[in-house]
Amino acid sequence: MATPGGAMGGLEKHTFALCAALARKHEVHLIADRDYEPRCPANVKLHGVDFRKSRFNPALLWQIGRIIARTKPQIVHAQAGKAASLLRWLKPGFRDLAFVATVHGTKKHVSAYAAMDRVIAVSRQIAAHLKLENVDVILNGVDAPPLLAPEEAARLRNSLNPEPGLPLLLAVGRLVPVKGFDVLLRAFVGLSARLLIAGEGADRDALESLSKELNLRGKVSFLGTRNDVWQLLQAVDACVISSRREGFPLILVEALQAGCPVVSTRVSGAVEWVPAAFLAEPEDVPSLHKVLEAALRDLPSARAACQPVFARARVQLTLEGMVERTEALYTRVLEQAR
């Protein structure tokens, strides 16, 4: 996992959850930035490197190659583009190993993935975009904790909403341009609701300034990093995904597992799961405003429309299922390599 700096987004949460679950049955080593060491699951061995270095840095390639040679794995699995690019150059030196990569978002350049023995796409839309023959679709899954008791959810809601009768919306993610929070704030103007934004990132100051510029003071709250997103999803009326592009948003999986209706832009993953009435065009303020307005107009109907999706998510979007399908792919790759 080649993310630098210790930031925790969907890709990083996915990687840690997958590693921890696989490590219950297998020996798992994770090559990752040193800043992730405090977050690494106890049953996973982390090998810390400095991923602020370029993917073309010879010292970084040499260090990763040394770790692979020392640990002697059967499978090396790259999470996303930078990791796949690094492994692409190392692969010829490890002809007896199997190389797998997971694609977490839409990519312009796929040559690094084409060099892998097998590729995992986290959505069918991404798989179609890749146009590669060595692709399997394995949807993201989460290990959903127990749901809150209704009175616990009500208490949390009351603590977040100074106007109890006002609908409550939640958006979660890194405060960076790709997540489209600027579009969401502009689309939120004129809506009779309250918006909570959970997450941190380089755009926080700019987004808070935009919120004031749009006269949204008192209607939008920036919560910062939260460790209780699962609980928050059960205390709000809907979750909003305003991204410009995505792979398969982990917050989408969590919201559906929690029984929280989702309004989203038409990004990968969402178009396969969110009812069409709740989908807006990316980067289109009027489109997102219209969809949010329609959902807020009749929240009980919105929740009822999502019930079949909630039921399907609880079966198909589980961590257990994701791990089982990944293990099966590993087995196939190893058998083909013999």
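# Group meeting: helices, salt bridges and a few buried side chains

Okay, let's start with one residue: arginine 204 is buried, with a relative accessible area of 19%. By "buried" I mean under 20% relative accessible area, while "exposed" is over 50% and "partly exposed" is in between, using a 1.4 Å probe and protein chains only.

Quick housekeeping. This is a predicted model, where local features need pLDDT of at least 70 and side-chain atom pairs count only at pLDDT 80 or more, while totals for chains, interfaces and linings use all residues. Residues are numbered from 1 along each chain as its sequence is written, and side-chain values use heavy atoms, leaving out hydrogens and water.

Back to arginine 204. Which residue does arginine 204 meet in a salt bridge? That's glutamate 208, at 3.1 Å from N to O. A salt bridge here is a side-chain nitrogen of Lys or Arg within 4 Å of a carboxyl oxygen of Asp or Glu. Both residues sit in helix H8 (residues 204–213), four residues apart, or about one turn of the helix. When I say helix or strand, I mean DSSP runs numbered from the N terminus: helices are H or I with at least four residues, strands are E with at least two. As background, an α-helix has 3.6 residues a turn, so residues three or four places apart point the same way. Unlike its buried partner, glutamate 208 is partly exposed, with a relative accessible area of 25%.

How many salt bridges are there in the whole structure? The search finds 14. Let me show you another one: arginine 157 pairs with aspartate 237, and the closest N and O atoms are 2.7 Å apart. This one links distant parts of the chain, with arginine 157 in helix H6 (residues 150–160) and aspartate 237 in the loop between helix H9 (229–233) and strand E10 (238–241), 80 residues apart. Arginine 157 and aspartate 237 are both buried.

Then there's arginine 266 with glutamate 281, at 2.9 Å from N to O. Arginine 266 is in the loop between strand E11 (262–265) and helix H11 (270–273), and glutamate 281 is in the loop between strand E12 (279–280) and helix H12 (285–297), so the pair ties together parts 15 residues apart in sequence. Arginine 266 is partly exposed at 36% relative accessible area, and glutamate 281 is partly exposed too, at 38%. Elsewhere, Arg118, Asp136 and Arg332 are joined into one network by salt bridges that share partners.

Now, helix packing. Have a look at helix H1 (residues 10–22) and helix H14 (residues 319–337): they pack at an angle of about 70 degrees, with axes 10 Å apart. The axes are lines fitted to C-alpha atoms, for helices over the stretch in contact, and the angles run from 0 to 180 degrees between N-to-C directions. H1 and H14 are therefore roughly perpendicular. On that scale, under 35 degrees is roughly parallel, over 145 roughly antiparallel, 65 to 115 roughly perpendicular, and the rest oblique.

Who's touching whom? H1 brings His14, Ala17, Leu18, Ala21 and Leu22, and H14 brings Leu319, Met322, Val323, Thr326, Glu327 and Tyr330. Contact means heavy atoms within 4.5 Å. By class, that gives eight nonpolar, two polar and one charged residues. For the classes, Ala, Val, Leu, Ile, Met, Phe, Trp, Tyr, Cys and Pro are nonpolar, Asp, Glu, Lys and Arg are charged, and the others, Gly among them, are polar.

Staying on H1, 10 of its 13 residues are buried, so H1 is largely enclosed by the rest of the structure. The buried residues of H1 pack against strand E1 (29–33), strand E3 (75–79), helix H10 (250–258) and H14.

Next pair: helix H2 (residues 58–71) and helix H3 (residues 81–90) pack at about 75 degrees, axes 10 Å apart. That makes H2 roughly perpendicular to H3. The contact involves Leu60, Leu61, Ile64, Gly65 and Ile68 of H2, plus Leu86, Leu87, Trp89 and Leu90 of H3. They split into eight nonpolar, one polar and no charged.

Let's zoom in on leucine 90. Buried or exposed? Leucine 90 is buried, at 13% relative accessible area. Not counting residues up to four places away in sequence, leucine 90 touches Leu61, Ile64, Gly65 and Ile68.

Last stop: lysine 179, in the loop between strand E7 (168–172) and helix H7 (181–188). At 16% relative accessibility, lysine 179 counts as buried.
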